[in-house]
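Dear colleague,

I am passing on the structure below, together with some notes on its side chains. Please keep it open beside this message as you read.

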Amino acid sequence: MKARWLVLAGALVLVGCGKDHQGSETYDVSILRETQCVAASERFQLYDQAKKHTEHANGAEDERFDKTKLRSDLGLKLKEARISMISQDKSYNAEYLKNRCNTEMSQDQFNAAE
């Protein structure tokens, strides 16, 4: 029984940014994660990554609409994510990118960010 819970917990830890709406993750959680990935990527001027995560957020939003016929204001969610992520220090943003967005950067990119 414990082994089953350890496997489940390990699988949850490994969930990061992939195709985008993943498994049991809700659309809102997917969209939130992707918008935070966009904001953190922009902070380090990783614009190709920001574009990729924007596409993932749009895809999750489209999937959500197809299944639920509900739409959220993605622009507002992105604005909120930018405010939230910029209020965190650089190290938090770098760790978030690494652990939740499958994105790593060089030390120079980290140092260049404000």
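The notes below take up the aromatic pairs, then the charges over rings, then one helix and a few backbone angles.

Please bear in mind throughout that this is a predicted model. A pair of aromatic rings is described by the distance of the centres and the angle of the planes, and the count of such pairs here comes to two. In one of them, the ring centres of Phe44 and Phe110 lie 6.0 Å apart and the planes meet at 20 degrees, so the pair counts as stacked, given that stacking requires planes under 30 degrees apart. This pair links distant parts of the chain, since Phe44 sits in the loop between helix H2 (27-43) and helix H3 (47-68) while Phe110 belongs to helix H6 (residues 107-112), 66 residues apart. Phe44 is buried, its relative accessible area being 4%.

The other pair, Tyr92 with Tyr96, is tilted, with 6.2 Å from centre to centre and 35 degrees between the planes. Both tyrosines lie in helix H5 (residues 90-100), where they are four residues apart, or about one turn of the helix. Tyr92 counts as partly exposed at 38% relative accessibility, whereas Tyr96, at 10%, counts as buried.

Two lysines are placed over ring faces. Lys90 lies over the face of Phe110, at 4.5 Å from the ring centre, and Phe110 is also the stacking partner of Phe44. Lys69 lies over the face of Phe65, in this case at 5.5 Å from the ring centre.

Which residues of H5 are buried? They are Lys90, Asn93, Ala94, Tyr96 and Leu97, and because they cover an arc of only 160 degrees around the axis, they fall on the same side of H5. What covers these buried residues includes H2, helix H4 (74-86) and H6.

Finally, there are some positive phi angles that you may wish to look at. Gln45, in the loop between H2 and H3, has a phi near 55 degrees, which is a positive value in a residue other than glycine, and Gln45 counts as exposed at 56% relative accessibility. Lys69, already mentioned for its place over Phe65, lies in the loop between H3 and H4 and has a positive phi near 65 degrees; at 56% relative accessibility, Lys69 counts as exposed. Asn102, which follows H5, likewise has a positive phi, near 55 degrees.

With best regards

Methods. Residues numbered from 1 in each chain as written. Predicted model: local features only at pLDDT ≥ 70, side-chain atom pairs only at ≥ 80, totals over all residues. Heavy atoms only, no water. Phe/Tyr/Trp six-rings, centres within 6.5 Å; stacked < 30°, edge-to-face > 60°. Helix = DSSP H or I, 4+ residues; strand = E, 2+ residues; numbered from the N terminus. Buried < 20%, exposed > 50% of the residue type's maximum accessible area, 1.4 Å probe, protein only. Lys NZ or Arg CZ within 6 Å of the ring centre and 35° of its normal. Arc of directions from axis to C-beta. Contact = heavy atoms within 4.5 Å.
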